[in-house]
Amino acid sequence: MFWGARLSGFLLFRIIKTGSDDRFDDKRDKFWSFLGFWVFQMIWVWTVSLPVTILNSPNVTRFDQPDFGTGRDIAGVILFAIGFILESVSDLQKYRFRSNPANKGKVCDVGFFVWTRHPNYFGEIIIQFAIFMIAVSPSAYGYVTGQAYNAQYASILGAFFLTLLLMFVSGLTLQERPGAKKRYESGNYWESFSRYTKRTSILIPFPPRLYEPMPTFLKRTVFLEFPIYVFDPAKHADQSKVQEREAEEGRNRTPEPQGSGSHEGLTDGQR
């Protein structure tokens, strides 16, 4: 309930402040795309709800249940709290950063974004695994057996589904390389963004001073910065757009004043 209330409340607040929800701009006039979006949302909600759904099913509730407060419950609550704080606070930090006109176009590198480029995604993943940890307690402590036991442990599918979704479908893959490509081609604080990505972990929070000099092999494996997220200007940028931008910048440069130097060699009579 806390998770759903926080997410829906933040989205509602953002829509009220901005006046629209730009997630649907390219779908409103396309019936099947719009329908597909909501069907996928239904599948997503059903899948991530599996741990709680199975926990409250008759096949599980017919068994005795452990009292709440076990070590697994406490660990799950702590993990949930960490994920909830990461997700909610980072959303607020990014909103406040972008609301400041002085930060227009700049890289958000404040708060939790100092430690990870996507603290909200990492927090969401932690929340889903925390829910599973708490929900599976009846089976973990031997109260539930048989097919209900198998079903409870199989409900970890929800947490893995959400993780795969954020990492390979609608999260990092839409944010990382496309975002870098857009900045590079437009010249929108590209140098700052490039430095930020080199020193900041893509997902797992980690101190920037330790992450920046870390071998690429460790970044690509332990810290999950897979090649599909990495932007290479030589391979992925539209160089024609870069050339157009550079030409436009050249035309817009103010010419150096010529007046002061043009009179230096003139005699009094010529002046």
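Here is a short walk through a predicted model, one selection at a time.

**Stop one: helix α2.** Select residues 31-48 to light up helix α2, which has 18 residues. Put a distance between the C-alpha atoms at its two ends and you get 26 Å. That agrees with expectation, because 18 residues at 1.5 Å a residue should span 26 Å.

Now show side chains for Phe37, Trp44, Thr47 and Val48: these residues of α2 are buried. Turn the view so you look straight down the axis of α2; the buried residues fall within an arc of 95 degrees, so they line one face of the helix. Next, colour Phe31, Trp32, Met42 and Trp46, which are exposed on the other side of α2.

**Stop two: Pro51.** Move along to helix α3, residues 50-55, and pick Pro51. Is Pro51 buried or exposed? Its relative accessible area is 3%, and buried means under 20%, so Pro51 counts as buried.

What is Pro51 in contact with, once its neighbours within four places in sequence are left aside? Show Ile131, Phe132, Ala135 and Ser155, and you have the answer. Then add Tyr153: C-alpha to C-alpha, Pro51 and Tyr153 are 8.4 Å apart in space, though 102 residues apart in sequence.

**Stop three: helix α5.** Finish by selecting residues 71-99, the 29 residues of helix α5. The end C-alpha atoms of α5 are 42 Å apart, which agrees with the 42 Å that its residues should span at 1.5 Å a residue. Before you close the viewer, look for the buried residues of α5, among them Asp73, Gly76, Leu86, Glu87, Asp91, Tyr95 and Phe97.

Key: Residues numbered from 1 in each chain as written. Predicted model: local features only at pLDDT ≥ 70, side-chain atom pairs only at ≥ 80, totals over all residues. Heavy atoms only, no water. Helix = DSSP H or I, 4+ residues; strand = E, 2+ residues; numbered from the N terminus. Expected span 1.5 Å × (residues − 1). Buried < 20%, exposed > 50% of the residue type's maximum accessible area, 1.4 Å probe, protein only. Arc of directions from axis to C-beta. Contact = heavy atoms within 4.5 Å.
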